[in-house]
Amino acid sequence: MLLPGEIANVAVSGPSISVNGLEHGARCVAEVETGCDEVVFSLSDAEGHDVPIRVRVPKLLWSERRATGNAGSRSENALSWLADEVLAGDVTALSVETGQADVPLVLELQANGARLQASAEKRTGRDGRWLFDLSPYCDTIRQSDAPVMNFVLRTSAKVIDVARIRPSFEVKNIRVESSV
């Protein structure tokens with residue numbers, strides 16, 4: 001499984017096919033792009049029939065789930081939420097994709113590197129995914145006076161920052177004066 005920041009290439013070739021317009025038999029190499037878990041190639045036979053193929057690469061990606069049912073874009077960079085978004089239930093869950101079944105995962109809420117709360121160990125399903133409900137963390141977020149909290153994901157391979165929670169501030173009674 002590729003972890004955030006790791007670079008991988010996928011190579012495709014065949015004696016009687018052209019890949020991405022190269023000569024028949026030539027090897028075509030493409031990099032797995034940031035935030036993606038697949039590479040798309042175009043194969044052509046001697047008669048010029050084109051067939052796109054997708055090569056999936058097991059890669060750790062995550063996204064937010066919102067109360068509206070919408071999902072954020074898949075990312076390998078830490079997401080950023082206001083505490084009020086989680087506390088009000090606007091951001092409801094963290095979706096994790098590994099591309100592999102049975103990967104152990106633990107979601108931890110930390111402040112200043114110290115663990116505030118952690119989920120029980122979960123394992124990805126046959127589709128290589130798991131969905132962490134964020135509601136069990138609401139009381140801990142509400143009670144914390146830390147300026148920033150982090151959700152970190154523990155896998156068997158690494159500990160990864162997946163989201164930052166910033167406090168919400170309300171500004172009242174602003175007075176602005178201007179002299180020209």
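This passage describes the strand pairing and the salt bridges of a predicted model.

It is convenient to begin with the strands. Strands E2, E4 and E5 form an open sheet, in the order E2-E4-E5, and their pairing is antiparallel. Strand E2 (18–19) and strand E5 (50–56) are found at the edges; each has a single partner strand, so one side of each lacks a neighbour in the sheet. Strands of a sheet pair through backbone hydrogen bonds, either parallel or antiparallel. Within this sheet, strand E4, which covers residues 38–44, is joined to E5 by seven bridges, and the two run antiparallel. One place to look for this pairing on the structure is Ser44, which has Asp50 of E5 opposite.

A second antiparallel pairing brings together strand E1 (residues 9–12) and E3, with four bridges between them. Here Ala11 has Val29 of E3 as its bridge partner. Strand E3 itself, made up of residues 28–31, shows an alternating pattern of side chains. Cys28 and Ala30 face one way and are buried, whereas Val29 and Glu31 face the other way and are not buried.

Attention now turns to the charged side chains, for which the count of salt bridges comes to 13. One of these joins Arg56 and Asp37, with an N to O distance of 2.7 Å. Arg56 belongs to strand E5 and Asp37 to the loop between E3 and E4, so this salt bridge ties together parts of the chain that are 19 residues apart in sequence. The two partners can be set side by side in terms of accessibility: Arg56 is exposed, at 51% relative accessibility, while Asp37 is buried, at 5%.

Another salt bridge links the side chains of Glu38 and Arg54, at 2.8 Å from N to O. Because Glu38 sits in strand E4 and Arg54 in strand E5, the pair connects parts that lie 16 residues apart in sequence. Glu38 is partly exposed, with a relative accessible area of 27%, and Arg54 is exposed, at 58% relative accessibility.

A further salt bridge is made by Lys59 and Glu76, whose side chains meet at 2.9 Å, N to O. This pair, too, links distant parts of the chain, 17 residues apart: Lys59 is in the loop between E5 and strand E6 (61–66), and Glu76 is in the loop between E6 and strand E7 (79–82). Lys59 is buried, with 2% relative accessibility, and Glu76 is likewise buried, with 11%.

Salt bridges with shared partners also build a network, whose members are Asp37, Arg56, Arg74 and Glu97. Asp37 deserves a second look in this setting. Which residues does Asp37 touch, leaving out those up to four places away in sequence? The contacts are Val55, Arg56, Val57, Lys59, Leu61, Arg74 and Glu97. Among them are Arg56, Arg74 and Glu97, which join Asp37 in the salt-bridge network. The side chains of Asp37 and Arg56 also share a polar contact of 2.7 Å. Asp37 thus combines a loop position between E3 and E4 with a relative accessibility of 5%, which is under the 20% cut-off for a buried residue.

Key: Residues numbered from 1 in each chain as written. Predicted model: local features only at pLDDT ≥ 70, side-chain atom pairs only at ≥ 80, totals over all residues. Heavy atoms only, no water. Pairing = 2+ DSSP bridges. Buried < 20%, exposed > 50% of the residue type's maximum accessible area, 1.4 Å probe, protein only. Salt bridge = Lys/Arg side-chain N within 4 Å of Asp/Glu carboxyl O. Polar contact = N/O pair within 3.5 Å; in protein donor to acceptor, adjacent residues only side chain to side chain. Contact = heavy atoms within 4.5 Å.
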